[in-house]
Amino acid sequence: MAAEKLRDLSQPIDVAVLDATVAAFYGTGSKEERAAADQILRELQNNPDMWLQVVHILQNTQNLNTKFFSLQVLEGVIKYRWNALPIAQRDGMKNFISEVIVQLSRDEASFRRERLYVNKLNVILVQILKHDWPARWQSFIPDLVAAAKTSETICENCMVILKLLSEEVFDFSRGEMTQQKIKELKQSLNSEFQLIHELCLYVLSASQRMELIRATLSTLHAFLSWIPLGYIFESPLLETLLKFFPVPAYRNLTLLCLTEVAALSFGDFYDRQYAKIYNIFMVQLQTILPPNSNVPDAYAHGSTDEQAFIQNLALFFTSFFKSHIRVLEAAQENIAALLMGLEYLINISYVDDTEVFKVCLDYWNSLVLELFESHNNLDNPAVAASMMGLQMPFLPGMVDGMGSQLGQRRQLYAGTMSKLRLLMICRMAKPEEVLIVEDENGNIVRETMKDNDVLVQYKIMRETLVYLTHLDHDDTEKQMLKKLTKQLNGEDWSWNNLNTLCWAIGSISGSMAEEQENRFLVMVIRDLLNLCEITKGKDNKAVIASNIMYVVGQYPRFLRAHWKFLKTVVNKLFEFMHETHPGVQDMACDTFLKIVQKCKRKFVIVQVGESEPFVSELLTGLPTTIADLEPHQIHAFYESVGNMIQAESDPQRRDEYLRRLMELPNQRWVEIIGQARQSVEVLKNQDIIKTVLNILQTNTSVASSLGMYFFPQISVVFLDMLNVYRMYSELISSTIAEGGPYASKTSFVKLLRSVKRETLKLVETFLDKAEDQPQIGTQFVPPMIDPVLGDYARNVPDARESEVLSLFATIINKYKAAMIDDVPRIFEAVFQCTLEMITKNFEDYPEHRLKFFSLLRAIATHCFPALIRLLPQQLKLVMDSIIWAFRHTERNIAETGLNLLLEMLKNFQASEFRNQFYRTYFLTIEQEIFAVLTDTFHKPGFKLHVLVLQHLFCLVQSGGLTEPLWDAATVTYPYPNNEIFVREYTIKLLSSSFPNMTAMEVTQFVNGLFESTNDLSTYKNHIRDFLVQSKEFSAQDNKDLYAEEAAAQREQERQRMMTVRGLIGPNEIQDEMVDS
């Protein structure tokens, strides 16, 4: 009954009943009561007339939750339907909201009591402003300022509204408003700022109320980044701020305001004022936080406010120095204050707080980069001058003068840089390769999860330390060796100190000249090996072992040049492979692989003083070396040895090494196959199945590093392996047939399936790595057609291996058009049955989904003629599955689908069947792409959606289609050409999908789609604006719409890093390093 009463919106709603419903929803009643209340509230929220009741509800309820509910309804209308409402209704609502705000904030008691409610009303008011101001509410700012002068609490709330408005326009507008609207609001705020400025200054000079002064400082903080500069530098504002800085209650807010001013950068017009502010600030700071304070300690024991002060101080210094350090350098009288500021910043950098450290690190990185670049470009005066901010033509005599100027600059910062080196060494973050960490109980354990924040921090610290090393190699070396000596003599020994030191040593690989690096490393490795000998305790030894492995893994250039050291290091790694402390063996195997990849040639030639190549010696002792390793570690070891063998150029010796390497697994394989020939039952024994799996995994590891040279080995096992595959497959099918669907979850079936997967993976790895050998394809593919493809088609869905799909995708990508005749067979075996598995919903068989579309893409790219030969209903299946893929919310499946669609569109455009194809699918594709473009689940696909639309619109515009796209039987109007038809169809499609947009807006958008087809970036911006206008994307994270621009920026940064010695780690460089 109550529900019916609420649903009838033809008369004023019964507020008491609504209060009771809201109370039931938030209350502690039964589950049923809450569900019923939820249902009613949802219905009300979705009712288009509900918003007309908002004023009535707000006037008659005392319940805060009911007020919030009705304001939520109102917010929806303002966001999506405001412009469509009659003027009288809009004005009525505006006036009502304004009056309630003024009424509630008029006196102190109601303002404090109703604070949450007022805050929500403020947000609603700002949402209205985004639509109506300035055009339909020109007097807003004057009205607001006039109201503010009537009472201090109203003034405080006006400050809150101004701050919200500023944030909406300047901080959160991207993806929320069109570019034109943002521009209009920014201009309005700028032109009306004088009134706001006068109000702020008046409050700061006349008011005694702490809350009002704090609200005003907070609002100023939001404004300072964009207001016209005259308001800051040609008014008493800065003096006023500096006056408030020493007062504890305002210290943090003032510091935030000063930081905003410090971050402004716009030429040199106000340089004198900046120097003056900085000097006054430094004098005041010394009384608040004396220069000799122990900042990390003060932070650790400080109150929340004091901690915020130190963090804000870091922000102030880094912002000021980033924009104005040149101003302070320029005059001798500022140098002492400048160096003191840097000293403060170094001390703050030792604070044990990640956020504070990030702020400091970011600045140190940019300062060191700037010093490095000007130091590095001394031989290029024009570049060096622009680094120094000098804009001038060059005269021959100036170059020397500038060299000395740059030299003086380095000299000025030499002391700071030296302290910074020590900071970087003491606080170095953990690199990815280190697997051994200290847990919260102080035990040394294997790391279980990578911490991405730490990895990002390591990357920046590493880069900073590389630049610092370039600026002064000797100081870097001296500081590192000094700390290492303190580790050895026990003066400074601790796990953390040794770790950060070794991570720092490893991070500067490649940044010293080779001769110096060699000398330095000989000392480091010798000292670390000594430390390992003299230190007692298992945990201590594990930490030292981890550090030795990390350091040697970072210096392949040194190891290649010093065989004795290389051999000692590898033998030490073999020693660590017997050390059962968690993580040590894993790290030993990882480091061994890394070293072998960079020094492989060294192991296959006979070195001075040796009787045979190291690889031969290693193969002789192999069973002993791997005796204590786990299976996954043994596989990594085999992959490493495979890398060595791959470097042997003599085919006979190479095959001999491979035979010796595979002796153990092959022996076991022959035994098992022999027993299976006697009795197949042997293969059903769980231990035997595990052994078979292990042997196959070992083969895959070696195949991945040997590539084509693995041929002799795979020939030995291939046919037997297919027989085992077939047998296990039948066994799985019969087990599932007998035991029902649950049988597929048993450990026995899972183990059998692992063997099948590993078989497929081994073949895929070998074929993928075997470079351009078409005869290999003809040798290996036909025998697999029935055991693998036939088996896939015959199996129950739960027993189909997704790896079959990826194997055939690899085969087609590898052998391209040569596979055209096999495509129908592949199609027949996998297409229909896989589609049935994956189109029931979006969740089942996730592996099959992605691999299926990858296979389709391989066929479309390399065997397109085979797709043309498909029957129309088969091609429809393909197209439906592509549409189905890009509708998927799983990002990589949707992207594979879109890439595949683009491939198909381009291929059909170039084929003789283009008219038939596009007549059948053009409108469907356009409609489906608009559907995913405008819902909010597919933002990451934005770039590809745009490319598909651009392709479709270009195609009709260019007249590439010679037959009409419309169906003459149903469309009676004879369109002159396809372009006019598509234009009209698109306008109708979007008008019906977005009734909130005017016909004019839709037509403008569609015309724009045809006008800007040749310019992709304009096209993208045009579509982004439409997404905002259609209100499909708002109040969410829209960075995916700008993902492509971000990727281009990252690539540019990588190119820059390639030019600096040591910046890209030795293991990230794709080289078979020259190690003859």
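Is C155 buried or exposed? Select C155 in this predicted model. The residue is buried, at a relative accessible area of 4%.

**Stop 1: the cysteines**

Stay on C155 and show its sulfur. Which cysteine sulfur is closest? That of C158, and the gap is 6.4 Å. A disulfide needs the two sulfur atoms within 2.5 Å, so C155 and C158 are too far apart for a bond.

Next, select C360. C360 is buried too, with a relative accessible area of 0%. Now add C426, which holds the closest cysteine sulfur to that of C360. The distance here is 15 Å, again too far for a bond. By the same 2.5 Å rule, the count of disulfides comes to 0.

**Stop 2: a pair of helices**

Move on to residues 631–646, helix α34, and colour them. Give a second colour to residues 651–661, helix α35. How do the two axes run? They come within 10 Å and cross at roughly 165°. An angle over 145 degrees counts as roughly antiparallel, so α34 is roughly antiparallel to α35. The crossing is right-handed.

**Stop 3: the contact between them**

Show side chains where the helices touch. On the α34 side, pick Y638, V641, G642 and I645. On the α35 side, pick R654, Y657, L658 and L661, which those α34 residues meet. What kinds of residue make up this contact? The split is 6 nonpolar, 1 polar and 1 charged. Glycine counts as polar here, so G642 is the polar member of the set. R654 is the charged one, because arginine counts as charged.

Notes: Residues are numbered from 1 along each chain as its sequence is written. This is a predicted model: local features need pLDDT of at least 70, side-chain atom pairs count only at pLDDT 80 or more; totals for chains, interfaces and linings use all residues. Side-chain values use heavy atoms; hydrogens and water are left out. Buried means under 20% relative accessible area, exposed over 50%, partly exposed in between (1.4 Å probe, protein chains only). Axes are lines fitted to C-alpha atoms, for helices over the stretch in contact, and angles run from 0 to 180 degrees between N-to-C directions. Helices (H or I, at least four residues) and strands (E, at least two) are DSSP runs, numbered from the N terminus. Angles under 35 degrees count as roughly parallel, over 145 as roughly antiparallel, 65 to 115 as roughly perpendicular and the rest as oblique. A crossing is left-handed if the near helix is turned anticlockwise from the far one by less than a right angle, and right-handed if clockwise. Contact means heavy atoms within 4.5 Å.
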